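Please work through the following exercises with the sequence and the model side by side, and attempt each task before reading its solution.

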Amino acid sequence: MLAVEVNHVVKSFADKVAVDNLSFSVAQGEMFGLIGPNGAGKTTTIRMMMDILKPDSGDVTIFGEKLNEATKNKLGYLPEERGLYKKLKVIDSIVYLASLKDIDRHSAAERANELLNQTGMMASKDKKIEELSRGMGQIIQFIVTIIHDPQLLVLDEPFAGLDPVNTELLKGMLADLRNQGKAVILSTHQMNQVEELCDRILMINKGQGILYGDLGEIKSRYRGNSVLLDVEGELGGIPGVTGERVHKGYTELILDSKTVPQQVLSHLINRGMVINRFEVATPSLNEIFLKEVGRKS
Amino acid sequence: MNKTLLIFRHEFLHAIKRKGFIILTIIVPVLALIGIGVFQLVSNDEPPLVETVTIGYVDEAGGFDQYTTQGYIELVRFDMPSDATAALINGDVAEYFVIPSGYLSAGIINRYTLERQLETPPAITTGIKNFLTSNMLADKVPPETVYRIEAPLELVTTRLTETGEIATEQGGYGNVIIPAMFSLLLALSLQASTVYLVQGLGDEKESRLIEVLLSSVSPRQLLTGKVLGLGAAGLVQVVVWLASLPLLLNLASSTIGGFFGTIQLPANFLVLGIVYFLLGYSLFAALSAGVGAISPSVREGQQLSMIYAMLVYVPLWFASFLFIFPDSPIWTVLTILPITAPIAVMLRLGVTGLAAWELAASLTVLVLSIILVMFLAIRAFRVYLLMYGKRPAWGEIIRNLRSG
């Protein structure tokens with residue numbers, strides 16, 4: 001069963017169409033990237049998934065049904081704008097918000113202790129939320145998001161404002177959750193994180209889906225016919241190479257349409273050259289993003 | 001546990017742990033107890049001696065030479081005004097007055113003092129008046145008649161029921177004092193509950209926590225849990241006050257007696273006190289939910305809520321007017337107007353009581369208003385719960401409420 005299925009949703013605010021006929025699905029056990037520039041409609045899409053906003057048309061199903069009290073309990077949501085009860089203690093905040101996911105207070109407290117330990121936040125257990133730094137508050141909010149062992153996690157800009165140590169901690173925990181079979185939706189404009197973590201993506205711009213599918217497949221679709229090369233000695237002429245661009249530390253060889261990278265590699269090996277780096281040039285997600293968003297605008 | 005109950009529990013516990021709530025709840029009975037205690041301490045001491053005041057007089061009319069002791073006023077006769085003035089300057093007398101020769105026809109008495117006063121102290125006026133009366137009637141009527149002329153009546157009123165029996169409530173200030181005090185406390189409690197609700201909603205909107213909450217519960221569950229939780233906290237406060245009243249009154253009338261012995265709680269006062277708190281609170285909660293929904297920040301929410309939170313005090317502003325004109329139609333209006341009804345009814349219960357039709361109309365209008373405002377508040381909550389930053393224009397709010 002699909003974790004999320006969004007079918008032709010449309011949402012307008014006053015005279016602006018925020019989400020325009022958007023469709024996608026997310027399977028269980030996959031990490032899905034929802035990417036797009038600021039104001040693309042990512043958060044509005046998520047809010048419709050969470051039933052916080054009602055779509056003007058189209059529908060959203062979570063685990064095969066409309067979002068209801070039972071399915072809300074299977075859901076963990078980390079909104080873009082973080083917020084917790086400032087005057088409440090960390091442990092009380094976590095336990096209260098977990099209890100709203102139908103977890104009894106005793107189990108919630110036990111699980112909270114485990115997660116506080118795992119994230120190195122145990123010392124802050126009895127502090128008030130307002131006493132925490134922004135990054136620490138974010139970790140607590142992440143704990144709130146996963147404490148009830150949700151089957152679907154929706155994380156809106158989860159790495160924003162986190163230091164590198166906590167970013168790595170979060171990435172590790174997300175990978176574990178995916179490996180446990182949970183569906184994870186990452187909404188972000190940090191392309192490197194998506195590239196590193198996600199299996200599939202949906203790129204949206206001005207409310208419309210512009211790229212959707214397997215990340216590897218999308219990247220290969222945008223792959224140019226060129227290789228990146230770092231060799232010792234003179235390169236000399238190589239059959240099928242129509243040009244070369246010298247970069248710092250490597251050279252990019254442009255191949256003609258009849259030549260594949262393997263032929264170039266064989267040629268170099270046959271010549272007995274010492275090869276430090278040989279890579280089929282693939283554009284980064286960031287480059288694809290810039291290209292697509294630039295093209296559409 | 002049901003999610004509405006969970007929110008209710010959280011809001012209730014959060015509210016009753018607030019310092020402001022605890023202080024406001026216990027300060028009323030505690031202050032009353034302190035008052036009674038202080039009275040007991042003071043009353044155990046010997047009563048203070050009243051100092052005798054010596055007042056001079058010059059009798060130019062003649063015949064005013066008896067009854068020179070009037071209570072604590074001692075009257076000393078002088079032959080000439082100049083002698084009296086000298087005694088005044090020397091401090092032998094506190095003041096003096098002259099009974100001119102034409103007193104009987106004109107009735108004028110000239111009083112001389114070193115003090116700057118707004119008016120003559122009533123005790124002095126009474127002392128001089130009784131001195132003059134006693135001397136003028138001396139040997140003409142018996143002393144009892146003189147005394148009765150000076151103090152002709154002590155009015156004792158008894159209120160009868162329509163069947164001619166003595167009514168249980170005898171009226172008077174003893175009946176007014178508790179409803180008036182309770183009205184003020186009720187207004188404070190309603191205002192405090194309003195502030196907590198607007199602040200709570202505003203905080204959750206401002207901190208964006210509302211999105212996390214709504215990913216777990218529905219807007220209806222959230223709003224219902226909050227309103228009931230804060231309402232229950234307010235009710236605890238009102239019940240503590242009401243429950244402490246009979247106890248404190250017993251204590252006060254047995255130790256202080258006098259006026260406190262005359263205080264009666266009007267029949268139905270406790271029941272109507274709770275009913276009007278619940279209804280008043282529901283109305284204010286619905287208004288506050290609506291205001292919390294359309295306000296982009298706690299501050300603006302509180303400013304908007306002050307408008308109706310202040311209106312609750314209107315009957316108290318008019319309270320003295322009620323004592324003078326208890327049958328004015330203004331009272332009927334304030335009784336039926338839903339925002340002013342809780343306090344107006346409490347006040348009137350103590351002063352004049354109110355007609356059954358007025359009570360029925362007041363309750364009906366209040367209940368209908370609650371239903372209407374709650375309906376609009378839930379609509380506003382759904383439309384505006386995610387709106388941060390700028391408050392929408394009133395025209396836009398009305399359009400959105402219409403379209404839902």
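The exercises below go from whole chains to the chain contact, the cores and a pair of helices.

This is a predicted model, in which local features need pLDDT of at least 70 and side-chain atom pairs count only at pLDDT 80 or more, while totals for chains, interfaces and linings use all residues. Residues are numbered from 1 along each chain as its sequence is written, and chains are lettered from A and ligands numbered from 1 in the order in which they are written.

**Exercise 1. Describe chain A and chain B as wholes.**

Step 1. Chain A has 10 helices and 13 strands, whereas chain B has 18 helices and 5 strands; both are DSSP runs numbered from the N terminus, helices being H or I with at least four residues and strands E with at least two.

Step 2. Of the 297 residues in chain A, 39% are buried, and of the 404 residues of chain B, 34% are; a residue is buried if 20 or more other C-beta atoms, placed from the backbone, lie within 10 Å of its own, exposed if 12 or fewer do, and partly exposed in between.

Step 3. Among the contacts in chain A with a separation of 6 or more, 69% involve residues 24 or more positions apart, and for chain B 74% of the contacts between residues at least 6 apart join residues at least 24 apart. Two residues are in contact if their C-beta atoms, placed from the backbone, lie within 7 Å.

Step 4. The C-alpha atoms of chain A fill a box of roughly 70 × 45 × 35 Å along the principal axes. Its domain assignment gives domain 1 (2–220) and domain 2 (224–281), with C-alpha centres 43 Å apart; such bounds come from an automatic or database assignment.

**Exercise 2. Which element of chain A gives the most residues to the side that touches chain B?**

Step 1. The contact takes 18 residues from chain A and 13 residues from chain B.

Step 2. On the side of chain A, strand 5 (75–78) and helix 3 (90–99) are the elements that give two or more residues, and helix 3 of chain A gives the most, with 3 residues.

Step 3. The residues of this side divide into 11 nonpolar, 2 polar and 5 charged, where Ala, Val, Leu, Ile, Met, Phe, Trp, Tyr, Cys and Pro count as nonpolar, Asp, Glu, Lys and Arg as charged, and the others, Gly among them, as polar.

Step 4. Because 9 of its 10 residues are buried, helix 3 of chain A is largely enclosed by the rest of the structure. Its buried residues, which include A:I94 and A:Y96, pack against helix 4 (105–118) and helix 5 (134–146) of chain A, together with helix 1 (3–16) and helix 8 (209–214) of chain B.

**Exercise 3. Locate the nonpolar cores.**

Step 1. A nonpolar core is a set of buried Ala, Val, Leu, Ile, Met, Phe, Trp, Tyr and Cys residues joined through C-beta atoms within 7 Å. In the largest, of 141 residues, A:I94, A:I143, A:V184, A:I185 and B:A289 touch the most other members, and helix 11 (residues 269–294) of chain B supplies the largest share, 13 residues.

Step 2. Leaving aside neighbours within four places in sequence, A:I185 is in contact with residues including A:V4, A:F32 and A:L153.

Step 3. A second, separate core of 15 residues includes B:V58, B:F78, B:Y96 and B:I128.

**Exercise 4. At what angle do helix 15 and helix 16 of chain B pack?**

Step 1. Helix 15 (residues 329–336) and helix 16 (residues 341–351) of chain B pack at about 130°, with their axes 7 Å apart; axes are lines fitted to C-alpha atoms, for helices over the stretch in contact, and angles run from 0 to 180 degrees between N-to-C directions.

Step 2. That makes helix 15 of chain B oblique to helix 16 of chain B, since angles under 35 degrees count as roughly parallel, over 145 as roughly antiparallel, 65 to 115 as roughly perpendicular and the rest as oblique.

Step 3. B:W331, B:L334, B:T335 and B:I336 in helix 15 meet B:A341, B:A344, B:V345 and B:R348 in helix 16, a set that divides into 6 nonpolar, 1 polar and 1 charged.
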